[in-house]
Amino acid sequence: MNPLQEHVERLFAGYKPTRQVRELKDEILSNLEAKVADLTAEGMAYTQAVEAAQANMMSVEGLIEEQQSSYDVVKYRAAMLQTALMYCLVAWIATIPMRLFRVAENLSLLLPLIAVILGMIYLIVRGSAASAHHRTVRFDSTVADHSRKLVWIIWGIFVLAVTLSTTALHMGSNIWFGRPVHISGPYQFGVLAANYVWPLVTIVIPLLFNASLRLKMKYEAGGSHVD
């Protein structure tokens, strides 16, 4: 990687590799290379020409703000529903053992109902996708990424709060009075473990936000797949 390529990579560090970003990177690199070629043709040393070209392009913030992506709505919806259905089924399977300990029973009953509804919607969307007109919707990948991170933070706070409340409920008095924690048998241990584990099932929510951003970039209008 030459100095100009390294400079361009630094300029775009932190930005999602959307189609518009990739095109803008190529355009800026091409302009910088042309600038260096002009300066060296005028007699300037290559190193000085590179520094001079880089000095003319120190930020792309304003350019990126004007750049928005768009994605294929039909393909995105079908893929998103399929992903949500798969996550829902995995979460439901994870809650089945917890029902033995009478933990997360309502969640275990709700998840298959949600999966059935998602499956029906997915079949409808998939059936209508063939005849649907090509339509795109614009989105800001930076805002979507910030939303994704915010959801992860909220989920982390939720899991921490539930973990602390479980600890306070089952062990609070022992900790407060300095008594050893007593578990009378395997069933009581299973109940305690299930109470700590069930909040982790809700990880499907931030994972769906991850999938949403990934699928929007995958079905970016006119672009190729980017993981």
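Here are some friendly notes on the structure above, a predicted model, going from the whole chain down to a single residue.

1. **The overall plan.** Start by counting elements: you should find nine helices and two strands in the chain. Read from the N terminus, their order is α-α-α-α-β-α-α-β-α-α-α.

2. **The overall shape.** How does the chain compare with a compact globule? Its radius of gyration is 26 Å, whereas the globule rule gives 17 Å for 227 residues, so the chain is more spread out than a compact globule. You can also picture a box drawn along the principal axes: the C-alpha atoms fill one of roughly 85 × 60 × 25 Å.

3. **Burial and contacts.** Of the 227 residues, 36% count as buried. Now take the contacts in the chain with a separation of 6 or more: 80% of them come from residues 24 or more positions apart.

4. **The largest core.** In soluble globular proteins, nonpolar side chains tend to be buried together. Here, the largest nonpolar core has 29 residues, and Met 98, Leu 118 and Phe 139 have the most contacts inside it. Helix H5 (73-99), helix H6 (105-129) and helix H9 (204-218) each supply at least two residues of this core. Which helix gives the most? That is H5, with 12 residues.

5. **Another core.** Apart from the largest core lies another one, of 16 residues. Leu 4, Val 8, Leu 29 and Met 57 are among them.

6. **A look at His 7.** This residue is found in helix H1, which covers residues 3-11. Is His 7 buried or exposed? Its relative accessible area is 5%, and buried means under 20%, so His 7 is buried. Leaving aside residues up to four places away in sequence, His 7 touches Leu 32, Gln 54, Met 57 and Met 58. Met 57 is also one of the residues of the 16-residue core.

7. **Two helices side by side.** Two packed helices are described by the angle between their axes and the distance between the axes. For helix H7 (residues 141-177) and helix H8 (residues 186-197), the angle is about 160° and the axes are 9 Å apart. An angle over 145 degrees counts as roughly antiparallel, which means that H7 is roughly antiparallel to H8.

8. **Where H7 and H8 meet.** On the H7 side, look for Thr 163, Thr 166, Thr 167, His 170 and Met 171; on the H8 side, look for Leu 192, Asn 195 and Tyr 196. What kinds of residues make up this contact? Three are nonpolar, five are polar and none is charged.

How values were computed: Residues are numbered from 1 along each chain as its sequence is written. This is a predicted model: local features need pLDDT of at least 70, side-chain atom pairs count only at pLDDT 80 or more; totals for chains, interfaces and linings use all residues. Side-chain values use heavy atoms; hydrogens and water are left out. Axes are lines fitted to C-alpha atoms, for helices over the stretch in contact, and angles run from 0 to 180 degrees between N-to-C directions. Helices (H or I, at least four residues) and strands (E, at least two) are DSSP runs, numbered from the N terminus. Angles under 35 degrees count as roughly parallel, over 145 as roughly antiparallel, 65 to 115 as roughly perpendicular and the rest as oblique. Contact means heavy atoms within 4.5 Å. Ala, Val, Leu, Ile, Met, Phe, Trp, Tyr, Cys and Pro count as nonpolar, Asp, Glu, Lys and Arg as charged, and the others, Gly among them, as polar. A nonpolar core is a set of buried Ala, Val, Leu, Ile, Met, Phe, Trp, Tyr and Cys residues joined through side-chain atoms within 4.5 Å. Buried means under 20% relative accessible area, exposed over 50%, partly exposed in between (1.4 Å probe, protein chains only). The radius of gyration is taken over C-alpha atoms; the globule rule is 2.2 Å times the number of residues to the power 0.38.
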